[in-house]
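Visitor: Could you take me in for a close look at the spot where the ligand sits? I'd like to know what surrounds it.

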Amino acid sequence: MTERRGIVDLRSDTVTRPSAGMRDAIARAEVGDDALREDPTVNRLQERGAELLGMPAALFFPSGVMANQTALLVHASRGSEVVLEANAHIFDWEDGAAAAWAGVQLRPVATADGMLTVETVERALRPRSDYQPQTALVCVENTHLSSGGRVMALDTMREIRVVASSAGVPVHLDGARLWNASAGAGIAVAAFAGEADTVMVSLSKGLGCPAGALLAGEGDFIERAWRIRRRLGGAMRQAGILAAAGLYALEHNLERLEEDHANARLLARLAAGIPGIGVVSPETNIVMIDVGETGFSAEELASRVAGKGVRFSVFSASRLRAVTHLDVDAEGVERAAVALRDALL
Ligand SMILES: *Cc1c(COP(=O)(O)O)cnc(C)c1O
């Protein structure tokens with residue numbers, strides 16, 4: 001069992017700690033001043049990331065939020081409009097950054113299941129006008145976090161790209177968990193990335209790095225992003241220390257994501273067998289657990305299972321969220337299900 005101190009922490013796939021192998025890669029990293037573009041490990045990670053994503057260039061960021069916000073700052077001028085799904089991370093979970101920094105107007109599109117469709121996007125694109133805000137960007141998210149890690153179909157991404165492009169609007173892919181979309185759908189990350197103009201991928205979620213994200217796109221986009229990253233205070237120096245973790249993760253932790261998905265399916269199956277519990281069937285590594293019928297609030301249940309060494313996050317008043325990751329194995333997931341069952345007694 002790999003859980004720390006006997007705690008099964010399923011609050012997020014961001015709670016992982018670097019493994020011994022990753023720490024070793026960090027210790028051995030060759031470094032230089034990345035603000036002078038002289039860190040060989042950062043350069044290698046950017047090249048490897050671009051190659052995997054099938055994009056001309058990539059840039060290393062301290063976080064996914066900074067990479068997403070940089071994409072907005074490059075693509076969209078102040079007062080322009082950005083179309084996205086109504087529960088997108090950029091809308092709900094970046095603390096108003098799009099308004100605070102890029103000064104853009106977000107146009108959230110409500111959907112039943114977190115999945116934008118070509119029709120909903122097409123309706124949200126503004127006509128050319130001297131009076132209405134002008135659509136500067138469409139953002140898609142894959143996997144979609146708040147719907148429970150759903151995978152947006154490649155065809156849907158392609159259709160959205162086609163209508164956006166024909167309106168002269170670029171598409172940014174928030175692919176924090178694009179690796180999971182790829183493992184879940186059995187489709188290469190480059191195929192998904194190929195249906196967007198720019199893409200952000202996280203290294204600190206399912207891949208288990210202590211920090212980092214990559215933003216990828218055309219060379220001139222990345223040059224503009226380089227200046228914005230600097231302006232935001234995100235230019236680092238001997239960042240090869242962090243990039244080494246990224247390179248290690250791409251080599252060792254990508255292939256194993258299907259294990260996390262299998263553990264998510266196991267948890268979903270075990271939880272669904274508990275009376276009163278409803279489960280959204282997981283497509284990747286996120287399990288949404290509905291507790292409304294149990295007579296307990298999500299908050300109460302989260303604290304009861306925490307008393308048994310299992311941690312879920314409270315997603316809403318009646319919904320818990322569990323995210324599987326490389327620090328929790330099948331045995332940990334079984335313990336989590338037992339804790340949930342016992343918490344109801
Ligand atoms: C986590 C996440 C981000 C932001 O990444 P950080 O590295 O936490 O800043 C962006 N989008 C989605 C969908 C995410 O899950």
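Guide: Here is a walk around the ligand and its neighbours. What you see is a predicted model, where local features need pLDDT of at least 70, side-chain atom pairs count only at pLDDT 80 or more, and totals for chains, interfaces and linings use all residues. Residues are numbered from 1 along each chain as its sequence is written, and side-chain values use heavy atoms, with hydrogens and water left out.

Start with the shell, meaning residues with a heavy atom within 4 Å of the ligand. There are 14 residues around the ligand, and Gly64, Val65, Asp174, Arg177 and Lys205 come nearest. Sorted by class, the shell has four nonpolar, five polar and five charged residues, with Gly counted as polar and Asp, Glu, Lys and Arg as charged. Helix α3 (64-75) gives the largest share, three residues, and β7 (198-202) also supplies at least two. Those labels come from DSSP runs, with at least four residues for a helix and at least two for a strand, numbered from the N terminus.

Now zoom in on the side chains. Asp174 puts a polar side-chain atom 2.7 Å from a nitrogen atom of the ligand. Arg177 has a side-chain N or O atom 2.8 Å from a ligand oxygen, while a polar side-chain atom of Lys205 lies 2.9 Å from an oxygen atom of the ligand. On its own the ligand has 380 Å² of accessible area (Shrake-Rupley method, 1.4 Å probe), and the protein covers 87% of that.

Note on methods
A polar contact is a pair of N or O atoms within 3.5 Å; within protein, one must be able to donate a hydrogen and the other to accept it, and residues adjacent in sequence count only if both atoms are side-chain atoms.
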